[in-house]
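Student: Can we go through this one together? I have the sequence and the coordinates up.
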Amino acid sequence: MTGSERVASDAASRGIAVEFVERPAAGSLEEAATLLGLSAAGIVKTLVVKRHDGSYLFALVPGDRQISWPKLRAVVGVNKLRLPEASLALEATGYERGTITPLGSSTAWPVFADERIAGLRIAMGAGEHGMSAFVDADSLIAGFDATVADISD
């Protein structure tokens, strides 16, 4: 099963409508946004974050912002979080960097969404390169029972 097929299957099981859009490879998030006709804020980065105990979580952050480690640690209630190496992110999700999404992840890690994505139609990783997935952020949040908070700067 391809990455986008895993995304589509998981989205359907959660009642989340997904529109897949093919796009040329982009050298940056800003370039990808331009190719999709969006502002950088319209693309949501899915970051795989490793906890001290070896488990992971997903942090969904608007493309024009960065993860705020102090804010995320406070919301999660832990002292240590970090971005794992690419090989560990792949192992934790089944997706390569640049394609990662909570949809269809090999493990359903908890999802933490930045409050700024609520109410928006967003583009995010589609499980494979050269493709973006458009979803309603509120449906995504509901489908994962995500924690919504201010987690970015």
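Tutor: First a term: a residue counts as buried when its relative accessible area is under 20%, and as exposed when that area is over 50%. Keep in mind that this is a predicted model.

Student: Fine. Which residues of helix α2 are buried?
Tutor: In α2, residues 29–36, they are Leu29, Ala32, Ala33 and Leu36. Seen down the axis of α2, these buried residues fall within an arc of 100°, so they line one face of the helix.

Student: And what covers the buried residues of α2?
Tutor: The cover includes the strands β1, β2 (44–51), β6 and β7.

Student: What does Gly37 do just after α2?
Tutor: Gly37 takes a positive phi there, about 70°.

Student: Now the sheet. What is the strand order?
Tutor: The order is β1-β7-β6, in an open sheet of 3 strands with antiparallel pairing. The edge strands are β1 (19–22) and β6 (121–125), and each of them pairs on one side only. From one strand to the next, the twist averages 30°.

Student: How many bridges are there between β6 and β7?
Tutor: There are 5, and the two strands pair in the antiparallel sense; β7 covers residues 131–136. One of the partners to look up is Asp136 in β7, which is bridged to Arg121.

Student: Which helix lies across β6 and β7?
Tutor: That is α5, residues 137–144. The helix runs at about 85° to β7.

Student: Where does Asp145 lie?
Tutor: Asp145 is in the loop between α5 and β8 (147–149). Its phi is near 50°, a positive value in a residue other than glycine.

Student: Is Asp145 buried or exposed?
Tutor: Asp145 has a relative accessible area of 69%. The cut-off for exposed is over 50%, so Asp145 is exposed.

Student: Different topic: Ser105. Where is that, and is Ser105 buried or exposed?
Tutor: Ser105 sits in the loop between α4 (86–93) and β5 (111–114). Its relative accessible area is 14%, and the cut-off for buried is under 20%, so Ser105 is buried.

Student: What lies 2.7 Å from a polar atom of the Ser105 side chain?
Tutor: The backbone oxygen of Thr107 does.

Student: And leaving aside its neighbours within four places in sequence, which residues is Ser105 in contact with?
Tutor: With those neighbours left out, Ser105 is in contact with Arg6, Phe58, Ala92, Thr93 and Tyr95.

Definitions and conventions. Residues numbered from 1 in each chain as written. Predicted model: local features only at pLDDT ≥ 70, side-chain atom pairs only at ≥ 80, totals over all residues. Heavy atoms only, no water. Pairing = 2+ DSSP bridges. Helix = DSSP H or I, 4+ residues; strand = E, 2+ residues; numbered from the N terminus. Axes fitted to C-alpha atoms, helices over the stretch in contact; angles between N-to-C directions. Contact = heavy atoms within 4.5 Å. Buried < 20%, exposed > 50% of the residue type's maximum accessible area, 1.4 Å probe, protein only. Polar contact = N/O pair within 3.5 Å; in protein donor to acceptor, adjacent residues only side chain to side chain. Arc of directions from axis to C-beta.
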